[in-house]
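Q: Could you take me on a close look at one part of this assembly, the place where two neighbouring chains meet? I'd love one connected walk-through that I can follow with the structure open.

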Number of protein chains: 6
Amino acid sequence: MVYVTRRETFSASHRLYNPQFSDAKNVELFDKCANPNGHGHNYVLEVTVAGNPEQDTGYVIDLKDLKELVRREIIQKVDHKHLNHDVDFLEGVIPTSENIARAFWEILQPNIRGARLFSIRLRETENNAVEYRGEKS
Amino acid sequence: MVYVTRRETFSASHRLYNPQFSDAKNVELFDKCANPNGHGHNYVLEVTVAGNPEQDTGYVIDLKDLKELVRREIIQKVDHKHLNHDVDFLEGVIPTSENIARAFWEILQPNIRGARLFSIRLRETENNAVEYRGEKS
Amino acid sequence: MVYVTRRETFSASHRLYNPQFSDAKNVELFDKCANPNGHGHNYVLEVTVAGNPEQDTGYVIDLKDLKELVRREIIQKVDHKHLNHDVDFLEGVIPTSENIARAFWEILQPNIRGARLFSIRLRETENNAVEYRGEKS
Amino acid sequence: MVYVTRRETFSASHRLYNPQFSDAKNVELFDKCANPNGHGHNYVLEVTVAGNPEQDTGYVIDLKDLKELVRREIIQKVDHKHLNHDVDFLEGVIPTSENIARAFWEILQPNIRGARLFSIRLRETENNAVEYRGEKS
Amino acid sequence: MVYVTRRETFSASHRLYNPQFSDAKNVELFDKCANPNGHGHNYVLEVTVAGNPEQDTGYVIDLKDLKELVRREIIQKVDHKHLNHDVDFLEGVIPTSENIARAFWEILQPNIRGARLFSIRLRETENNAVEYRGEKS
Amino acid sequence: MVYVTRRETFSASHRLYNPQFSDAKNVELFDKCANPNGHGHNYVLEVTVAGNPEQDTGYVIDLKDLKELVRREIIQKVDHKHLNHDVDFLEGVIPTSENIARAFWEILQPNIRGARLFSIRLRETENNAVEYRGEKS
């Protein structure tokens, strides 16, 4: 079994805000991430699939197909967007990296053919990153 | 003469939009960067000063002082902010990297002591960057 | 379950030397790393915790809290220090990356609340790195 | 148990081509990677071994030994080479990253002493990478 | 005046070989870079243009236009190619980074509108790079 | 004219301390960089030479020669060393990056043949760097 990783990037805005709480409570919880006008990041997304290389190609998955899948299903929907307002599949979700990674997993997991999705890694800044592997606690 | 560079980062939102033009014209000019809800970046800022190392310290400038200057005058005002709405010194400016770099120059240039500001470099994404050296064309 | 990583850096000196052995034996074991006056690195530390995002915040852990914990308990004690001479919790330890990573684990592990420490990754140079996950062999 | 990683780089050419198929079929399978004159990459190789730090040294493995092993057995045989034509142990193998990583594993695995080989990671471009951990599916 | 840089990457093979000399002389001159079957790199290309930001847009140049120009005129012609055999504008040229950078300059320089080409930077490996600014010695 | 850059790295300790001043004054001047036991860095050195590519080779300079020069004259003397105690050519010099870069210039400049030394760039941390071009103020 081999793990194959495709890296893509996107630039987006977000605001961390829970509408169930007061503004003061949101600042307490999210500090400067609760800034009403939002802020943004160059996100780095790494999608890893696991499988056996096929005999005919030596590929676990055609990375061109994986690239196109990730761009069509994810990047085109989040790049140069505001994650709180412009993205259907994040509606009602507080757009922390944790929640975004899980939302990406739900979209990609059923679309990987001939291999299985192993991990979604999302780097928000050079210092902060999350990874989701589909594990239930 | 030695050039000394301090690197800082900040995360911000912006929208490229010229209010003198129609929305259609703005999309034509700025494409997806004109998205009404904005988008964002992890900006990388490199501030370079030039001067002679002092005899007593071997420093052109104390980088701790330069760091504090850049953080106080720039980073605290733009980090986790929306550059179109939250930043006094960018009011009325289309926040392209070119314009942001020149605005940073105007703020920092009079505040550098014992050396002179040489360059403001601003990397918006891993593929796009600008540099301003105070040159008039 | 989601894995959340915080990256911090510090600059420190160390010398690889086992006082139970002769100088010649130390050079044989540690080569140029046994240089009596020591040498140094910009270490890159990645601390990963694992847990479930909380409903209210979408956070596994508040990265601001994790940052402050790592800076208070680790970075302030090792940054701009000599790891053989200036750090209480490394006394009597040969400061290889392996031993440093395990010492960091012992300090951080009891201090992570609401999630569990998953991994300490320490990059000594761009070519050499170690990772410790609390596993006993 | 601690995981220790050594990073090395090499520059090589390759062509993805399965001689059992027609040229047209190869272009269908491998697209521009089937270009008859080949193309090339700066590969980044990360070799990870796992083990217990020795009492005397604090090392899982002497990274100088691991570096020399990887350079002697791998890098010298693939650096500035054409992977389809110049490398004995890749003869008859379609040189995808998946297949190269597994070939490297077979070479290194029996040569690691006092620790066990844990992972071969091979980055072909800044966006594409594979990892092999010796797992059979 | 502001300097604006666009970064692109491509993967290609090359062989350093001067047909006016014997094979032995070529090995003496180019060492392992003269390997008959060639070798390859992930080249990083940085194209810098200089100019004044336009009043209407705040742009020196629309980076989307620059990206498309560089991709159409350069990247599509060299990516996944063998630089000695597959590239018209490198015919008869020893494909050192120096010569490649100058060839790229000649192609791009007449195509930059509203600004002037300032620099072509080409990174061949993480350790080796060249820059050409159109200067005659 | 083309600029050619070779990148090398080294790991070293240093302490910023001016023996003409009291310890208290040194702490005032150099803060934590005055720590008596020193601290260290992974320095990144970039040496740039400028010249015309030779007709026969397409090289400004053979980068293998430049690499060997830099390693023999600089890296072997500073790597895994304490810059205050172990390096002849830094004796009596406060080892700030500014002073180190100028010392490297003095060593390399007379040794570059067929091209001229253009710049010494020294990155001390990911945030702090200096560059010296042989300019007198």
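**A closer look at one contact**

A: Let's start with a pair of side chains: C:Lys64 and A:Asp31 come together in a salt bridge, with 3.8 Å from N to O. Please keep in mind that this is a predicted model. By the rule used here, one salt bridge is found across the interface of chain A and chain C, and nine residue pairs are in polar contact between these two chains. On the chain A side, helix H1 (23–30), helix H3 (97–108) and strand S5 (128–132) each bring at least two residues to the face that touches chain C. S5(A) gives the most to that face, with five residues.

Now for the extent of the contact. Chain A puts in 23 residues and chain C 19 residues. About 1900 Å² is buried between chain A and chain C, and carbon and sulfur atoms give 45% of that area. Three residues, A:Glu98, A:Asn127 and A:Glu135, supply 28% of the area that chain A buries against chain C, more than any other three residues.

How are the two chains related? Chain A superposes on chain C after a rotation of 120 degrees with 0.0 Å of shift along the axis, at an RMSD of 0.0 Å. This is the relation of a three-fold axis. Within chain A, the residue whose C-alpha comes closest to that rotation axis is A:Glu126, at 9.1 Å.

Chain C also meets chain F. Here each partner has its own share: 23 residues from chain C and 23 residues from chain F. Together they bury about 1700 Å², 41% of it on carbon and sulfur atoms. C:Asn37, C:Asn42 and C:His80 lose the most area to chain F on the chain C side, together 33% of what that side buries. The count of salt bridges between chain C and chain F is four. In a salt bridge between these chains, the side chains of C:Lys32 and F:Asp79 meet at 2.9 Å, N to O. Polar contacts between chain C and chain F come to 22 residue pairs. S1, S2 and strand S3 (81–82) of chain C each supply at least two residues of the side facing chain F, and S1(C) gives the most, with five residues.

Finally, a glance at helix H3 of chain C, residues 97–108. H3(C) is mostly covered, with 10 of its 12 residues buried, among them C:Phe104 and C:Trp105. Its cover includes strand S1 (2–14) and helix H2 (63–78) of chain C, together with strand S1 (2–14) of chain D.

Terms used. Residues numbered from 1 in each chain as written. Chains lettered and ligands numbered in written order. Predicted model: local features only at pLDDT ≥ 70, side-chain atom pairs only at ≥ 80, totals over all residues. Heavy atoms only, no water. Buried < 20%, exposed > 50% of the residue type's maximum accessible area, 1.4 Å probe, protein only. Helix = DSSP H or I, 4+ residues; strand = E, 2+ residues; numbered from the N terminus. Contact = heavy atoms within 4.5 Å. Least-squares fit on C-alpha atoms with pLDDT ≥ 70 in both. Buried area = accessible area lost by both parts, 1.4 Å probe. Polar contact = N/O pair within 3.5 Å; in protein donor to acceptor, adjacent residues only side chain to side chain.
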